[in-house]
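Trainee: I'm new to this one and would like a close look at just one part of it. Could you take me through a sheet, and then show me what lies around it?

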Amino acid sequence: MNNYVTEAINLKSYNLNDADKIMVMYSKENGLIKGVAKGIKKPKSKLGARMDLLVANSLQLLKGRSLDTIVQAQTVNNFRKTREDIDKLIYSSYISELVMNLGEGSESASQEIYELLYKALNRISEAQEKKDALIAVIKFQLKILLIMGFCVELDTCLCCREQVLDEEMYFSSKMGGILCKECNEHLGVKLKMHHKIRDFLQAMLQFDFDYVSDYDQKATDKVCQVCFDLLDEYIKTHTNKKTKSAKVLQELSV
């Protein structure tokens, strides 16, 4: 009765002792969970590569007083191609950090977040170009913000509440979205946003994750990088949490 089964993705690990590790995972049913992988450091461990980071497993765990114990693990997807490409690895690490930063107390939305994380990791792994992997990250950024209640306002001005069309607009991470030119004359926000960037972000937010739209196909590396940086700054502003992977990505994009 103390055993339970769940699907979970490995996000982080800690050394517990000479033989064991504590795994931090995001599960489909229970959100963020921790489990002890006993004997994982031993050469003949039955858990083996299943406990590598960024691996999705079907798990059987034994409930414990403070920490659960991983009894069995069957790999669902190891996102193999991610481990063959440094960009894919960093992008995948970035979204896993976002889940750890935002996922605490998210049990009510755990299935939605798990499926979003799984799709994003799989899309990054299978991406043919760097741009395709970055688009998956942008979609993840937008959609997890929506799930967690930090959605970016991209349709109407935050001040006058009028719809902003194909015209000059500004973006404020602090305020939470776009401002029209007239309202911004009194606010002085410096970051100008082209309507095509706004339209691209709207499409990434509104379309299903697996749908490849004209926006996906026509996007350039530069557009994707601008959107990623903008959303990363927005996330840092509204969560007060930074990701180590974002810093590495910024250094690589210079």
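In what order do the three strands of the open sheet stand, and is their pairing parallel or antiparallel?

Mentor: The order is 7-6-8, and the pairing is antiparallel. Before we go in, keep in mind that this is a predicted model, where local features need pLDDT of at least 70 and side-chain atom pairs count only at pLDDT 80 or more, while totals for chains, interfaces and linings use all residues. Residues are numbered from 1 along each chain as its sequence is written, and side-chain values use heavy atoms, with hydrogens and water left out.

A word on the vocabulary. Helices (H or I, at least four residues) and strands (E, at least two) are DSSP runs, numbered from the N terminus. Two strands pair if DSSP finds at least two bridges between them. More generally, strands of a sheet pair through backbone hydrogen bonds, either parallel or antiparallel.

Now walk across the sheet. Strand 7 (177-180) and strand 8 (192-193) stand at the edges, and each has a single partner strand, so one side of each is left without a neighbour in the sheet. Strand 6 covers residues 169-172. With strand 7, strand 6 makes four bridges in the antiparallel sense. If you want one to find by eye, look at F171, whose bridge partner in strand 7 is I178. Strands 6 and 7 form a hairpin with four residues between them, and G176 takes a positive phi near 110° there.

On the other side, strand 6 pairs with strand 8, again in the antiparallel sense, over two bridges. Here Y170 stands opposite K192 of strand 8. Once you're past strand 8, you come to H194, in the loop that leads on to helix 5 (195-206). H194 has 45% relative accessibility and therefore counts as partly exposed (buried means under 20% relative accessible area, exposed over 50%, partly exposed in between, with a 1.4 Å probe and protein chains only). H194 and Y170 are 24 residues apart along the chain, and their C-alpha atoms are separated by 8.2 Å.

The chain enters strand 6 from a loop that starts after helix 3 (130-147), and R161 lies in that loop. R161 has a positive phi of about 65° although it isn't a glycine. That's worth a glance, since most residues other than glycine have a negative phi. R161 is partly exposed, at 48% relative accessible area.

A similar backbone feature turns up in another part of the chain. L54 also has a positive phi, of about 60°, without being a glycine. L54 sits in the loop between strand 3 (31-37) and strand 4 (56-62), and at 7% relative accessibility it counts as buried. One residue that touches L54 is S93 (contact means heavy atoms within 4.5 Å). S93 is found in helix 1 and is partly exposed, with a relative accessible area of 23%. S93 also touches S245, leaving aside residues up to four places away in sequence. Then there's T243: S93 and T243 are 150 residues apart in sequence but 9.2 Å apart in space, C-alpha to C-alpha.

The strands around L54 have pairings of their own. Strand 4 and strand 5 make seven bridges in the antiparallel sense, and S58 has Q74 in strand 5 as its bridge partner. A hairpin of five residues joins these two strands. Strand 3 and strand 5 pair in the parallel sense over two bridges, where V36 has T69 as its bridge partner in strand 5. After strand 5 (68-77) comes a loop to helix 1 (86-102), and T82 has its place there. T82 is buried, at 3% relative accessibility, and its contacts beyond four places in sequence are K88, L89, S92, L121 and S125.

Finally, step back to the whole protein. The secondary structure comes to eight helices and eight strands. Of the 254 residues, 48% count as buried. Among contacts between residues at least 6 apart in sequence, 58% join residues at least 24 apart. The C-alpha atoms fill a box of roughly 65 × 35 × 30 Å along the principal axes.
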